[in-house]
Amino acid sequence: METERIALSQRERDRLKVLHEIKQKHLTQVAGAQQLKISDRQVRRMLLRLRQRGDHSLVHGLRGRPSNRKLAARLEQKILARLQQRYADFGPTLAAEHLAQEGFSVSRETLRKWMTKAALWRPRSQRVKAVHVWRERRASFGELVMQDSSPFRWLEERGPACQLIALIDDATSRIWGRFTEHDTTEENLRTLEGWLRRYGRPLAHYTDKASIFRKAGPPPLAEQLRGDPLRTQFGRALHELGIEWIAAHSPQAKGRIERLFETLQDRLVKEMRLAGIDSILGANHFLETRFLPEWEQRFTVTPRKARNAHRRLGQEQHLEEILSVRVARRVAEDHTVSWDGNRWGVLREEVCAGLRGAAVEIERRLDGSHWLRYRGRLSALARLSRTGAAVRKSFRPTASRTRGTKTKSPKQNQTQIPCARRAPVEKTLEADISILLKPGHFYFALTQATAQVLRWLAALRKIPFRFVSACVSLGLIRSRRIAAHRVRLEQQRKELSFHLAPARNYGNASEQRLIRI
């Protein structure tokens with residue numbers, strides 16, 4: 001006679017063991033009920049079934065049989081057909097809500113089971129996780145260059161905290177980098193400049209989506225009208241150099257440079273410790289002269305293709321102009337622009353027609369100089385001091401200023417123009433013009449109304465001739481005749497009297513017209 005096999009769960013096996021101990025008088029019914037966490041009355045029922053049917057009585061009566069509340073198979077097929085027809089890409093929860101609106105009342109878990117069985121839904125445990133597939137290196141040197149920065153205690157406790165901005169070629173693992181105090185746009189441009197001057201322009205540049213490389217938000221109206229995408233200063237420089245910018249969507253996508261930093265944080269830190277490097281300047285010198293040559297000899301690989309994909313810099317591509325920070329500004333009435341809380345003035349010889357009030361572009365280069373770009377022309381800018389700004393605002397002479405008797409500084413007295421008779425108005429005009437006569441000052445153009453006032457005062461002989469001559473020298477009053485006689489007036493300056501005399505006392509007719517303006 002074959003032995004009958006009964007499939008019991010762990011819970012059912014535990015109950016059977018306790019019931020056998022009670023049956024053998026090793027446990028009381030009350031103690032067994034407490035151990036099984038049921039009532040003693042339920043223990044007596046189970047003992048009765050155990051004597052009548054044996055161990056099989058502990059198995060649930062519905063095991064292996066369909067549930068009494070199971071939905072009909074016909075309804076299941078109808079719902080699955082409706083799902084495939086209209087809700088094929090819906091999840092179980094959303095599909096159950098829409099089916100309920102159509103009159104098919106089914107729970108989301110039952111629907112989930114049906115959809116899984118019909119391969120319309122894949123449970124989370126069965127989904128294949130996204131795996132970053134290994135990417136083959138580029139074929140040639142210069143096809144793809146990766147750039148990133150790594151904040152780390154590169155100098156340990158010997159020096160200040162710094163960051164390493166590095167570039168690595170994808171085909172050869174050749175690297176270039178610089179230690180910087182901060183990870184800014186200017187420092188990233190300087191590091192890129194080092195690569196460009198050593199090897200040339202690569203075909204593509206691979207970075208992350210940091211704000212230095214990618215700008216969020218809608219582009220300005222002017223760029224929308226031109227159809228240009230929104231670019232950062234770094235992105236604009238790459239566009240002008242003809243380098244394609246590729247953004248990495250995850251750190252694993254730029255794993256080559258991430259592994260580079262992992263290696264450098266071990267090798268480079270210890271090498272600089274042995275060399276006693278304790279400053280950023282010394283770290284950059286050590287990196288360029290000692291570490292990088294050893295790296296190229298040991299860790300660079302031979303590309304599949306021997307050609308160099310780098311391109312030379314064109315004659316029209318000036319790195320000092322391209323690798324800069326540019327902002328749009330509007331020129332003020334005094335030919336100055338504002339940026340970062342400072343005012344910058346245009347040199348007098350750089351002023352051109354239409355500059356006042358024009359929309360221009362200011363660029364700050366990596367060497368710290370500032371330039372104004374207007375209609376394809378570059379003009380040097382120089383920073384104005386706060387004193388210069390105050391003089392510019394108070395240049396126009398008014399009657400209220402003539403009443404003040406403020407003490408003048410020795411510097412102003414040194415540059416004042418002597419005058420035989422000094423009326424209050426003349427003193428104010430001479431004080432203002434003496435400040436503008438300082439060497440190296442900038443050109444502040446007067447308005448047409450102010451120039452008319454000067455002509456009127458000169459005609460009434462209320463201001464000294466030397467003031468008019470100084471205005472001519474500074475270019476405050478300009479005309480073709482004045483420009484032609486400018487040098488001649490400077491030579492005759494000492495010979496002429498300080499006040500305007502009748503026209504018959506001055507030279508020829510051209511000089512008379514010049515003085516009267």
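With the whole protein chain of this predicted model on display, consider first its contacts with a separation of 6 or more, of which 63% come from residues 24 or more positions apart. Colouring by secondary structure brings out 21 helices and 11 strands in the protein chain, and colouring by relative accessibility marks 38% of the 517 residues as buried.

**First stop: helices H2 and H3**

Select residues 29-36, which form helix H2, together with residues 40-53, which form helix H3; the axes of these two helices come within 8 Å and cross at roughly 100°. That angle makes H2 roughly perpendicular to H3. Showing side chains here lets you follow the contact, to which H2 contributes Gln-29, Val-30 and Ala-33, while H3 contributes Asp-40, Val-43, Arg-44 and Leu-47. Sorted by class, the residues in this contact of H2 with H3 are four nonpolar, one polar and two charged.

**Second stop: helix H5**

Move on to residues 92-101, helix H5, and pick out Pro-92, Ala-95, Ala-96 and Leu-99, which are buried. Turn the view until you look down the axis of H5: the buried residues fall within an arc of 100°, so they line one face of the helix. As general background, an α-helix has 3.6 residues a turn, so residues three or four places apart point the same way. What do the buried residues of H5 pack against? Adding helix H4 (73-86) and helix H6 to the selection shows the partners, since the buried residues of H5 pack against both of these helices. Before leaving, select Gly-103, which follows H5 and has a positive phi, near 100°.

**Third stop: the salt bridges**

Side chains of opposite charge can pair when their charged atoms come close. The structure holds 34 salt bridges, and the tour visits some of them individually.

Begin with Glu-143 and Arg-307, whose side chains meet in a salt bridge with an N to O distance of 4.0 Å. Glu-143 sits in the loop between helix H6 (108-117) and strand E1 (145-152), and Arg-307 in the loop between helix H11 (280-298) and helix H12 (319-322), so the pair ties together parts that are 164 residues apart in sequence. Is Glu-143 buried or exposed? With a relative accessible area of 14%, Glu-143 is buried, whereas Arg-307, at 47% relative accessibility, counts as partly exposed.

Next, select Glu-157 and Arg-153, which form a salt bridge whose closest N and O atoms are 3.9 Å apart. Here Glu-157 is exposed, with a relative accessible area of 73%, and Arg-153 is partly exposed, with a relative accessible area of 36%.

Then go to Arg-364 and Asp-340, where the salt bridge has an N to O distance of 3.1 Å. Arg-364 belongs to strand E9 (residues 359-365), while Asp-340 lies in the loop between strand E7 (336-339) and strand E8 (342-346), so this pair ties together parts that are 24 residues apart in sequence. On the accessibility colouring, Arg-364 counts as partly exposed at 22%, and Asp-340 counts as exposed at 55%.

Finish by selecting Arg-236, Glu-240, Glu-321, Arg-326, Glu-361, Glu-363, Arg-365 and Arg-373 in a single group, because salt bridges that share partners join these residues into one network.

Note on methods
Residues are numbered from 1 along each chain as its sequence is written. This is a predicted model: local features need pLDDT of at least 70, side-chain atom pairs count only at pLDDT 80 or more; totals for chains, interfaces and linings use all residues. Side-chain values use heavy atoms; hydrogens and water are left out. Helices (H or I, at least four residues) and strands (E, at least two) are DSSP runs, numbered from the N terminus. Buried means under 20% relative accessible area, exposed over 50%, partly exposed in between (1.4 Å probe, protein chains only). Axes are lines fitted to C-alpha atoms, for helices over the stretch in contact, and angles run from 0 to 180 degrees between N-to-C directions. Angles under 35 degrees count as roughly parallel, over 145 as roughly antiparallel, 65 to 115 as roughly perpendicular and the rest as oblique. Contact means heavy atoms within 4.5 Å. Ala, Val, Leu, Ile, Met, Phe, Trp, Tyr, Cys and Pro count as nonpolar, Asp, Glu, Lys and Arg as charged, and the others, Gly among them, as polar. The arc is that of the directions from the helix axis to the C-beta atoms.
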